[in-house]
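Reader: Could you walk me through this structure, one question at a time? I would like to see the reasoning behind each answer.

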Amino acid sequence: MDFNMKKLASDAGIFFTRAVQFTEEKFGQAEKTELDAHFENLLARADSTKNWTEKILRQTEVLLQPNPSARVEEFLYEKLDRKVPSRVTNGELLAQYMAEAASELGPTTPYGKTLIKVSEAEKRLGAAERDFIHTASVSFLTPLRNFLEGDWKTISKERRLLQNRRLDLDACKARLKRAKAAEAKATLWNDEVDKAEQELRVAQTEFDRQAEVTRLLLEGISSTHVNHLRCLHEFVKSQTTYYAQCYRHMLDLQKQLGSSQGAIFPGTFVGTTEPASPPLNSTSPTTTAATMPVVPSVASLPPAGEAALCLEEVAPPASGTRKARVLYDYEAADSSELALLADELITVYSLPGMDPDWLIGERGNKKGKVPVTYLELLS
């Protein structure tokens, strides 16, 4: 019991001494031991790393889960060490609504069939989003959290110890200074000065040891940067995979809708307001909305389904042709199509009954069908 009381008294005395030293330093009434420039740079670099890691972590969480209530719920489950319940993504929820709407409005109607096709695509997009969120959380968010909740807490703890050792050291320096001043006035015996010098040597040793420990931890920030760099590459890789999946799903959906649109709206053609996304290794230029009127044709023109068999016999209309710039390379699937090279200019026109996603394209003496989504129609 007496030992505990003495320890509490000793701790209270140390705390009081540090508080006095800190206060006097703030008012410029006491000297302060300064750290060297390299150490100060390490401290600044560590603080900057911590601050930016927090900002990147928080904003990535917002990117992956825009709903703040859902983020709070996930945080609470994590703190309670419980599994976060599976949550339906927005794409999956939209797919569910569309499927239910098609069932009620008529799954065999044109609108119902289209709702079903779009709902299936949205469901695939939702599944891709779920995979992306999981991968990004494991490969990117978790390492950032581990740094903030692990390494940074250790660094902060050792920095506080270093601050205390520094306050103890400066308090001992001040005490020795006062002891020597009193000795000069013959008011103290030499043993008081000896005691103050001994305390100063102990405080200096503890300060130096703690400074070295803290320095090693701060220098480890470079390894943290290397680790975060690797995680950043993984995050970009997961994003690339996710957007590539989205592109493929939407391109497939666009083809499905395009093949059915001609049957629903025969005899008309409206150019797409936005071309399909280019392949991942292409850069798509800015495109503009374009419309093209249906041009008259000869009475002997075969049906749209047979047009591919006799394209050479189709003459361009006297009016209604337009110039178009090719956006991306296109490889012809068969002899009825015209292969395209990015940035070349071709002449295009539409024929009654054609699939609205296709035009007749001419380049020199070559002619064939070309996909509208690969073109920018010029005025």
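**Cysteines, cores, salt bridges and strands**

Author: Happy to, and let us start with a cysteine: Cys246 has a relative accessible area of 16%, which is under the 20% cut-off, so Cys246 is buried. Please keep in mind that this is a predicted model.

Reader: Thanks! Is Cys231 buried or exposed?

Author: The cut-off for burial is under 20% relative accessible area. Cys231 has a relative accessibility of 3%, so Cys231 counts as buried.

Reader: How many disulfides does a search of the whole structure find?

Author: For a disulfide, two cysteine sulfur atoms must lie within 2.5 Å. A search through the whole structure gives a count of zero.

Reader: Let us go to the nonpolar residues. Which element gives the largest share of the largest nonpolar core?

Author: In general, nonpolar side chains in soluble globular proteins tend to be buried together. Here the largest nonpolar core has 34 residues, and Phe39, Phe132, Phe140 and Leu218 touch the most other members. Two or more residues come from each of H2, H5, helix H6 (190-219) and helix H7 (221-264). The largest share, 16 residues, is from H5.

Reader: Which residues are in contact with Phe140, leaving aside its neighbours within four places in sequence?

Author: Phe140 is one of the residues that touch the most other members of the largest core. With the neighbours within four places in sequence left aside, its contacts are Ile56, Thr60, Thr135, Cys231, Leu232 and Phe235.

Reader: How many residues are in the second, separate core?

Author: Among the members of this second core are Tyr330, Leu351, Met354 and Leu377. The core is separate, and its residue count is 20.

Reader: Now to the charged side chains. How many salt bridges does the count come to?

Author: The rule needs a side-chain nitrogen of Lys or Arg within 4 Å of a carboxyl oxygen of Asp or Glu. By this rule, the number of salt bridges is 15.

Reader: Why are Glu54 and Lys50 separated by about one helical turn?

Author: Glu54 and Lys50 form a salt bridge, with their closest N and O atoms 3.4 Å apart. Glu54 is partly exposed, at 28% relative accessibility. The separation is about one helical turn because the two residues lie in helix H2 (residues 37-64), four residues apart.

Reader: How many residues apart in sequence are the parts that Glu92 and Arg130 tie together?

Author: Glu92 is buried at 18% relative accessible area, while Arg130 is partly exposed at 30%. Their side chains meet in a salt bridge, at 2.4 Å from N to O. Glu92 belongs to helix H4 (residues 90-105) and Arg130 to helix H5 (residues 110-184), so the parts tied together are apart in sequence by 38 residues.

Reader: Where are Arg325 and Glu376, the pair that links distant parts of the chain?

Author: Arg325 is partly exposed at 31% relative accessibility, whereas Glu376 is buried at 13%. A salt bridge of 3.8 Å, N to O, joins their side chains. The two residues are 51 apart, with Arg325 in strand S1 (residues 322-326) and Glu376 in strand S5 (residues 375-377).

Reader: Last one: which residue in S4 does Ile360 stand opposite?

Author: Strand S3 (residues 358-363) has five of its six residues buried, so the rest of the structure largely encloses S3. On strand S2 (residues 345-349), which runs antiparallel to S3, Tyr349 has Ile360 as its bridge partner. S3 also pairs with strand S4 (residues 366-371), antiparallel and over six bridges. In S4, Ile360 stands opposite Lys369.

Methods:
Residues are numbered from 1 along each chain as its sequence is written. This is a predicted model: local features need pLDDT of at least 70, side-chain atom pairs count only at pLDDT 80 or more; totals for chains, interfaces and linings use all residues. Side-chain values use heavy atoms; hydrogens and water are left out. Buried means under 20% relative accessible area, exposed over 50%, partly exposed in between (1.4 Å probe, protein chains only). A nonpolar core is a set of buried Ala, Val, Leu, Ile, Met, Phe, Trp, Tyr and Cys residues joined through side-chain atoms within 4.5 Å. Contact means heavy atoms within 4.5 Å. Two strands pair if DSSP finds at least two bridges between them.
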